[in-house]
Amino acid sequence: MMLSVIVFSSVSPFLSNDEPKIVEAKTKYKYTGWKYHSTLFYNKKVRNLTVAALNIYFISILPNYFEKAKAPLQIANLVYQANASTTYSKIVTYRKYVKTKKTFKPLAGERTTIYVYKDKSKKKLITKKTKYKYTSFYKK
């Protein structure tokens, strides 16, 4: 059971609250508006199967003197799989660039919005979260 919790917590990076440290640029640049970059669709079914596979693997490599722990771990894995819900996510990313006269435009910032849905058709929204990340080219 403890193994399930450890593995589960380590494979959920998308909704963490860690904010990047912003280092301001030394000069003030002009920036483009937010430009669409990409959309990623994701569901947690893969994560659930990964947790199950890791539990099966770790249970199988336990030494014989942990024989009594194997059954409770298998039961914990079964309970997790029975209760794990599948959620569907859409991650939309926009980027802001430094305005320059050159072809190469340095990245100034990125805005990522994560939509988490209850259903596969993405009609029942559970939550929405927007994160901003800025590079050293950004100055407020």
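Here are four short exercises, each with a worked solution.

This is a predicted model, where local features need pLDDT of at least 70, side-chain atom pairs count only at pLDDT 80 or more, and totals for chains, interfaces and linings use all residues. Residues are numbered from 1 along each chain as its sequence is written, and side-chain values use heavy atoms, with hydrogens and water left out.

**Exercise 1.** Work out which strands pair with strand 3.

*Solution.* Start by finding strand 3, residues 107-117. Strands (E, at least two residues) and helices (H or I, at least four) are DSSP runs, numbered from the N terminus. Two strands pair if DSSP finds at least two bridges between them. On one side of the count, strand 2 (residues 88-97) runs antiparallel to strand 3, joined by 10 bridges; here threonine 93 has threonine 112 as its bridge partner. Next, strand 4 (residues 125-134) is also antiparallel to strand 3, with nine bridges, and arginine 111 stands opposite tyrosine 132.

**Exercise 2.** Decide whether strand 3 is mostly buried or exposed.

*Solution.* Buried means under 20% relative accessible area, exposed over 50%, and partly exposed in between (1.4 Å probe, protein chains only). Now count: nine of the 11 residues of strand 3 are buried, so the rest of the structure largely encloses it.

**Exercise 3.** Find the salt bridge and describe its two partners.

*Solution.* Look for a side-chain nitrogen of Lys or Arg within 4 Å of a carboxyl oxygen of Asp or Glu. Searching the whole structure turns up one such salt bridge. Glutamate 110 and arginine 95 form it, with their closest N and O atoms 2.8 Å apart. The partners sit 15 residues apart, glutamate 110 in strand 3 and arginine 95 in strand 2. Then check their cover: glutamate 110 is buried at 17% relative accessible area, while arginine 95 is partly exposed at 22%.

**Exercise 4.** Sort the two faces of helix 3.

*Solution.* First, the basics: helix 3 (residues 67-83) has 17 residues and reaches 25 Å from first C-alpha to last. That is close to the 24 Å expected at 1.5 Å a residue, the span being 1.5 Å times one less than the number of residues. Its buried residues are Lys70, Ala76, Asn77 and Tyr80. Seen down the axis, these fall within an arc of 130 degrees, so they line one face of the helix; the arc is that of the directions from the helix axis to the C-beta atoms. Turned away from that buried side are the exposed residues Lys68, Ile75, Leu78, Ala82 and Asn83.
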